[in-house]
Amino acid sequence: MKIQASDVAALARGCAVLGTGGGGDVRTGALAARRAIQEYGEVPLVRLADLPGDALVVPLSGIGAPTVSHEMIHGEDEPRRIAEEIERIFGRPPSAVMSSEIGGANGVAPVAWAAQLGLPLLDADGMGRAFPEVQMVSMYVAGLPADLVIMSDVAGNVVTIRPVDGLWSERLARAVCVAAGSHALMADYVLTADGARGAVIEGTVTRALAVGRATDGAADPLGALRGELGAYELITGKLADVERRTAGGFVRGTATVEGTGADRGRVLTLELQNENLVAMAGGRILAMVPDLITVVDTETAAAIQTESLRYGQRVTALAWPCDPLWRTPKGLETAGPRAFGYDLDYVPVEELAAHG
Amino acid sequence: MGDEARGARGALRIGIDVGGTNTDAVVLDAADRVVAKAKRPTTPDVTGGLLAALGAVLAELDRSGTPRDVARVMLGTTHATNAVLERRGLGRVAVLRLGAPATTSVPPLSDWPGSLRAAVSAGEAVLPGGHYVDGREIGPLDRDAVRRFLDGVEADAVAVTGVFSPATAEHERAVAELVADEYGLPVSVSHEIGSLGLLERENATVLNAALYGVAGNVTGALAGALAEHGLTATPYLAQNDGTLMTTEHAARLPVSTIGSGPANSLRGAAFLSGVSDAVVADVGGTSTDLGVLTGGFPRESAAAVEIGGVLTNFRMPDILAIALGGGTVVRDHAVGPASVGYRITEEALVFGGSTVTMTDAAVAAGRVPPDGEGWRDRLGDRSEGFRDTLERAVAAADAMVADAVDRMALGRADRPLVAVGGGAFLLPPRVPGVSGVVRPRHAEVANAVGAAIALASGRVDTILPAGESRSKAIERVKEEAAARAVAAGADSSRVEIVDLLEVPLSYLSEPAVRVHVKAAGPLAR
């Protein structure tokens, strides 16, 4: 299969849904993707099984401040310089690009990066959703060493970091990003196809496309989306309150949804931290991270980012199971409720729903 | 500013607002009383309806023996909106972005509809220049590259957008100077037009450059109309935030005249009711626009605004439109969204027509406009089933209004609802979620009143260091906003800062804040 310009809108919609309220605005990435496909051609979507074992896969993501990324947009040469550096280090060019984070902006922009490099896009990513921190990736959970980071900026600089561990990786990458004007392209965990097996979440680009297409022209967009995701409907109602506070460099907050129609009388509270993390109603937890919780417009089923939640919106909160990798002990230690400061034992959303 | 000063320049002000269905005009006297008002159908060319409404209020002045002692004429018009929507009368623009090698992954106009891009673009280039968030140059400005680009295009105007120009505008200024000196073309520079968000600001800047010709036509038509009626009044144009600018200013920033209607109606509602914090419902023939007044100004939308299929980052009033108006068609089990629109005076039952409209349902429920005496009798004796249909329609309409008010009120129930527009009588005496319903006099021409009483304003949106130098820097930004308000026509001694917003930014080398400041004041005399 090839990703065409006409697929980009559906992919962007799907990435926004998988963003669970975070991951950044998909619009600029979608514009870059459409433009790159028109300029360089359609992007083949490949599976891990299609690649030779020693083929190099480059996970790419944009990092930096959202305000900056809306103003100082990526240069077109940033991916090429990372690819050249990989060839210099490994002695062979990369064979495919991978999204580090399918949820949000970093899910759709890799289509542009792959097109610019003339490479296929791997049908996989490192999260299956969006997470706020660099180490919250499947490669880390799988135990791959965080020993190489390559960054490329708008000016043409390329910085290669050989960190001793994930903590240094994050610390040094952040310092480089700030020096580069608070916006850069980053390759993290350059993988071989063999090494990627079990360390990446497969099928997520196809899934984002299917999720985005499900609502396209549907008579009942919400029902179509829920069906495609296999999601539980936590509540349908009205956004009654959004409280935000800045803590530890992240925006935290609580959103309250008052039920309407069949849900009248119920109240859902949603804990936010860039992404939607914990959903509660009537003193009971209905879903928690790393399972996915997304708030959508009840009428159009379009995903609403946490920063766009506003009083009075008519919304439906959906939740569905995460990739099994996140339910392993290391996965929960990395991105379970306690990793976000909630003193909760993880219970899968389907078990919580069964007891409701 | 005594009455003497007013007398010297004329005592009257005329406000004109071009709406989708009607063009309204009012005359206010020195004490801000409405002394004449008129409604005329909006014409496809806009100018015709404008002249008719102006002529009508002047004739009313003449009839009442009031001298045509008019100092100012304020116009809120849809010329620019229509030009963009219809791709008509637009200039060809050389589109220049300063920022290479950054930003090249999304070239200018990437998200424009093909037909608009074809009508507007004379050529596009991304050249070296622009700045980082911290004020460093991304690259030095290459003046020869600018010249090579301009030498290769046939353009009526130039639009220049530099990366982070709202914080550091020097490259945009240098290019504007070069273009004016060497090419003699009008230039739009993005830092005067929009805030942070490169693509949206660039889009607005290009639209602005494309509208120079349209702006000339509007100011020409207005000046011609004034001359024709023997008026020496100073003309002003209304902009999208509910404030005014001189025609000279509008000639440079025509894009900001787009979307002035809702802002005018909100400001007019505040003025006529004397309430500065309220939910406002402007009920027209086809739809009702709801907005919120905070401190006398419209609450602005957080979402990006689309003009003719192009996303911009204008700050526009936060408006919720619902399909409910005086001409909304009533059926057995449904209200709207179809409407008879301006044909209401022929088609509604109370006007002797045969279409059941919301006006008929409201009148049957005892809700009649001030000039609607005797309308109820015109409905005559009807069957019980028919009366049921009308009652259900009123209940459904009231529920629509209550739901819309609730969406806009943000949980606050202590403010009143101000009902304006020609269809304001449709609204019920009590609405859940507000403290009461206020129905000011002259509510049917609130939008034209809003244009007549508007202030002049200026705004700045930039990034400042968050450290010790912050308070000094904010003072400088306030001064800049005030200077822009004066440039737009405000009285320098009465300009005030009406909005100051600070947002901390993350992931920067030095802590920084994004600052938005708006200054406004009454027009200089």
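This report walks through a predicted model of two chains, A and B, from overall form down to single residues.

**The two chains**

The table sets the chains side by side.

| Chain | Residues | Helices and strands | C-alpha box | Buried residues |
|---|---|---|---|---|
| A | 356 residues | 12 helices and 17 strands | roughly 65 × 40 × 40 Å | 55% |
| B | 525 residues | 16 helices and 23 strands | roughly 80 × 50 × 45 Å | 54% |

How does the radius of gyration of chain A agree with that of a compact globule? A compact globule of 356 residues would have a radius of gyration near 21 Å, and chain A, at 20 Å, agrees with that. Chain B tells a similar story: the expectation for 525 residues is near 24 Å, and the 25 Å found for chain B agrees.

Contacts that reach across the sequence are plentiful in both chains. In chain A, 73% of the contacts between residues at least 6 apart in sequence join residues at least 24 apart. For chain B, residues 24 or more positions apart account for 68% of the contacts with a separation of 6 or more.

**Where chain A meets chain B**

Here 27 residues of chain A are in contact with 29 residues of chain B. On the chain A side, the elements that give two or more residues are α2 (27–40), α3 (66–69) and α7 (166–179). Which of them gives the most? That is α2(A), with 4 residues. Sorted by class, this side of chain A has 12 nonpolar, 11 polar and 4 charged residues.

**Helix packing around α1 of chain A**

Two packed helices are described by the angle between their axes and the distance between the axes. Helix α1 of chain A, residues 8–18, offers two examples.

Take α2(A) to begin with. The axes of α1(A) and α2(A) come within 10 Å and cross at roughly 155°. Angles over 145 degrees count as roughly antiparallel, and α1(A) and α2(A) are therefore roughly antiparallel to each other. The crossing of α1(A) past α2(A) is right-handed. On the α1(A) side the contact is made by A:Val8, A:Ala9 and A:Ala12, and on the α2(A) side by A:Ala30, A:Ala33 and A:Arg34. By class, this contact has 5 nonpolar residues, no polar ones and 1 charged residue. Recall that α2(A) also gives 4 residues to the side of chain A that touches chain B.

The other partner is α5(A), residues 105–117, which packs with α1(A) at an angle of about 145°, the axes being 7 Å apart. From α1(A) come A:Val8, A:Leu11, A:Ala12, A:Cys15 and A:Leu18, and from α5(A) come A:Gly107, A:Val108 and A:Val111. This contact divides into 7 nonpolar residues, 1 polar and no charged. A:Val8 and A:Ala12 take part in the contact with α2(A) and also in the contact with α5(A).

**Two buried residues of chain B**

B:Val120 sits in helix α4 of chain B, residues 114–120. Is B:Val120 buried or exposed? It counts as buried because 25 C-beta neighbours lie inside 10 Å. Beyond its neighbours within four places in sequence, B:Val120 is in contact with B:Leu90, B:Arg92, B:Val93, B:Val206 and B:Ala210.

B:Leu51 belongs to helix α2 of chain B, residues 47–63. With 20 C-beta neighbours inside 10 Å, B:Leu51 counts as buried; the cut-off is 20 or more. B:Leu51 and B:Leu222 are 171 residues apart in sequence, yet their C-alpha atoms are 8.4 Å apart in space. By contrast, the C-alpha atoms of B:Val120 and B:Gly325, 205 residues apart along the chain, are separated by 36 Å.

**Unusual backbone spots**

Most residues other than glycine have a negative phi, and most peptide bonds are trans. Chain B has a cis peptide bond between B:Ala100 and B:Pro101, with omega about 5°. B:Pro101 is in the loop between β5 (93–100) and α4 of chain B. A cis peptide bond also joins B:Gly336 and B:Pro337, where omega is about 0°; B:Pro337 lies in strand β18, residues 334–339.

As for phi, A:Thr20 has a positive value near 45°. A:Thr20 is in the loop between α1 and α2 of chain A and counts as buried, with 31 C-beta neighbours inside 10 Å. B:His442 has a positive phi of about 65° and is found in the loop between β20 (437–438) and α15 (446–453) of chain B. B:His442 is partly exposed, with 18 other C-beta atoms within 10 Å.

Notes. Residues numbered from 1 in each chain as written. Chains lettered and ligands numbered in written order. Predicted model: local features only at pLDDT ≥ 70, side-chain atom pairs only at ≥ 80, totals over all residues. Rg over C-alpha atoms; globule rule 2.2 N^0.38 Å. Buried ≥ 20, exposed ≤ 12 C-beta atoms within 10 Å, placed from the backbone. Contact = placed C-beta atoms within 7 Å. Nonpolar A, V, L, I, M, F, W, Y, C, P; charged D, E, K, R; others polar. Axes fitted to C-alpha atoms, helices over the stretch in contact; angles between N-to-C directions. Parallel < 35°, antiparallel > 145°, perpendicular 65-115°, else oblique. Left-handed = near helix turned anticlockwise from the far one by under 90°.
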